[in-house]
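Student: I have a new structure to look at, and I'm not sure how to read it. Could you walk me through a few features?

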Amino acid sequence: MAEEEESAAPAEKAIRIQRVFINLLDSYSSRNIGKFLSNCVVGASLEEITEEEEEDDENKSAMPEASMAKLKEGTFQIVGTVSKLDIPRPEFAVETYCGISQEDLLLRLLECDVIIYNITENPQQAEEAIWAVSALNEETSHFEKRKVFILVSTVMTWARSKPLDPDDSEVPFTEEDYRRRKQHPNFLDHINAEKMVLKFGKNVRKFATYVVAAGLQYGMEGGILHAFFKLAWLGEVPALPVFGDGTNVIPAIHVLDLAGVIQNIIDHVPKLRYLVAVDESVHTLEDFVKCISKSTGPGKIQKVPKENAFLTKDLTQENIDHLLVNLRMEALFVKENFNIRWFAQAGFVENINSILKEYKQSRRLLPIKICILGPPAVGKSSVAEVLAKYYKLHHIKLKDVISEAIAKLELLEGIKESMDQNAGRLEDQYIIRFMKEKLKSMPCRNQGYILDGFPKTYDQAKDLFSRNGGSASTCLPAPGPLCELTSSFSPEFVCSLDASDEFLKERVINLPESIVTGTHYSQDRFLRALSNYRDVNTEDETVLNYFDELEIHPIHIDVGRLEDAQNRLAIKQLIKEVGEPRNYGLTDEEKAEEERKAAEERLAREAMEEAEREHKEANKRLEEVKREERELLEAQSIPLRNYLMTYVMPTLMQGLNECCKVRPDDPVDFLAEYLFKNNPETQ
């Protein structure tokens, strides 16, 4: 076995630049493999990894990828195909191709030192992989240096393999058993591609071919497990579903560990041509789902029939097949012969914190935490409601939090006693406790929140958000003293809405009676609440001072000056300050609604433009008709004007002049008689 594991040929001196082709660089698996290799120095895995290097790798994991790329020289040059023309070229890729002919694609492949075909996500690529390895094999006589072909396949080609020991089903399969493998019925194309790749590449000095059977891939954007992460993060179900009894063992691997295996194959060019790429875990489907539910969801699971898996929109048939497989595998060769800087060697469950962190960062699922403060009737709730809908945040109102806590019947006796002693008001210690529990709840930690009108005082803010004010979870990285002094659920944005007392009073007076009845907008309650707010916020230590001290500088908006009853301008300003939403984006239903509205607006705009165009055309035609009529009348009036000027106007003008001199009592009769007597025709 040891002799078989040695390289078929002495390791060639590492080439400083190697060109690597990867298909479908815009897919989850290929994108992460390409990004990983673009930061790897050629030949780096040939050296043993020391403990110091492992620590350095952990420290560098948070560095921007662009910086890492600049620091490393001699890294792999990545080229490859993408599925759509309009997709921008990935930053880590030198070239991308889309929709080119096989002749052109073969020319691109011949330019590369390593060709990687990943068929784990798109089975249609299996046919192209078979063509590629066959075409390259025919060109081996023209190769100037060795080329390596790697087919990234899936452990589903082992799904129906018979146990090695009928009496002990827990004995895992290894690379040595690959000839005994039997595929899942839906993965026939995959095993055919594996066989064709292994058929070629026997002349290892010219053309080395490898097959990597990868486990269920997780990490970064999530892979197949994304469906469960999304379900948990959205918080729309009381428990995450486990399809079937959940006891089936699923071989799995972090997508970057799979990339590490590929890096080692390129560098080592091992003699063994079929490799298994899985981590060291033996996790069941229930283990995966329960871990996701506890770390980012409701904390509960529910076993449902396997058929229910088809009701999950984000899962394809192949995804479901992966989730229902029951297979134990061990990557013996990889573990014993490769130098891999593992991201999750122990498995998914043991590394859930780092996996969850990279998942949220990759998908920009970062919570937005907003606190809106201001006097009564300034519009806090209406603004908070719009922002909560736009950013998909949890709108937290003090009254709702207290009602929810009392409904749970926790500390009921203590609450009653406190309210009796404070004229029906609840002590701050209970309010702070209930509010902390709400802000630390999983939905608020995932999506974020918008806190409506609370805290009201400096002390309340300090007790609620200060680390010393109570137990707080691990603080997220933040600049300045914020991380050291505040809890992890402190607001990221604080907005202070304000207006003059006269403006607020006028606004309340103009409210409909139906809205005012039974609320704090009644005259006495409103004036008392406004007076209390002004008194509290004229002290040296106000709630806004607290946030200023922590460098969470409030956004001040005077709604009275905006002259906008609906606070649309204030909302627009806040959205500009906060930025884009940090969630999964629109649902399918919301996208359809947005498209419908956009289509309606487009049709209305086109109809208006058409009406304006027709109106302009009609006006133009009308002006043309008027011009033609005017010209016609002028042409027709010329003979008549000449006649009058010749025969009528001379005598008429003389008569009028004479009439003006004489000024008779009956000028018309005088003029008629004058014309009759002085008619040139009768003289």
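Tutor: Let's take the sheet, then a helix, then a loop residue, keeping in mind that this is a predicted model.

Student: What order do the strands of the open sheet have?

Tutor: As a general idea, strands in a sheet pair through backbone hydrogen bonds, either parallel or antiparallel. Here seven strands form an open sheet in the order E3-E2-E1-E4-E5-E6-E10, and the pairing is parallel. Strands E3 (93–97) and E10 (274–277) are at the edges with a single partner strand each, so one side of each has no neighbour in the sheet. From one strand to the next, the twist averages 20 degrees.

Student: How many bridges join E1 to E2?

Tutor: Four bridges link E1 (residues 19–22) with E2 (residues 77–81). Within that pair, Phe 21 stands opposite Val 79.

Student: Which strands does helix H6 lie across?

Tutor: H6 (residues 125–138) lies across E4, E5 and E6, and runs at about 160 degrees to E4.

Student: How far apart are the end C-alpha atoms of helix H9?

Tutor: An α-helix has 3.6 residues a turn, so residues three or four places apart point the same way. At 1.5 Å a residue, the 14 residues of H9 should span 20 Å, and its end C-alpha atoms are indeed 20 Å apart. In H9, 14 of 14 residues are buried. Just after H9, Val 269 has a positive phi of about 45 degrees.

Student: Where does Gly 299 lie?

Tutor: Gly 299 is in the loop between helix H10 and strand E11. With a relative accessible area of 35%, Gly 299 is partly exposed. Gly 299 touches Ser 293 and Lys 294, leaving aside residues up to four places away in sequence.

How values were computed. Residues are numbered from 1 along each chain as its sequence is written. This is a predicted model: local features need pLDDT of at least 70, side-chain atom pairs count only at pLDDT 80 or more; totals for chains, interfaces and linings use all residues. Side-chain values use heavy atoms; hydrogens and water are left out. Helices (H or I, at least four residues) and strands (E, at least two) are DSSP runs, numbered from the N terminus. The expected span of a helix is 1.5 Å times one less than its number of residues. Buried means under 20% relative accessible area, exposed over 50%, partly exposed in between (1.4 Å probe, protein chains only). Two strands pair if DSSP finds at least two bridges between them. Axes are lines fitted to C-alpha atoms, for helices over the stretch in contact, and angles run from 0 to 180 degrees between N-to-C directions. Contact means heavy atoms within 4.5 Å.
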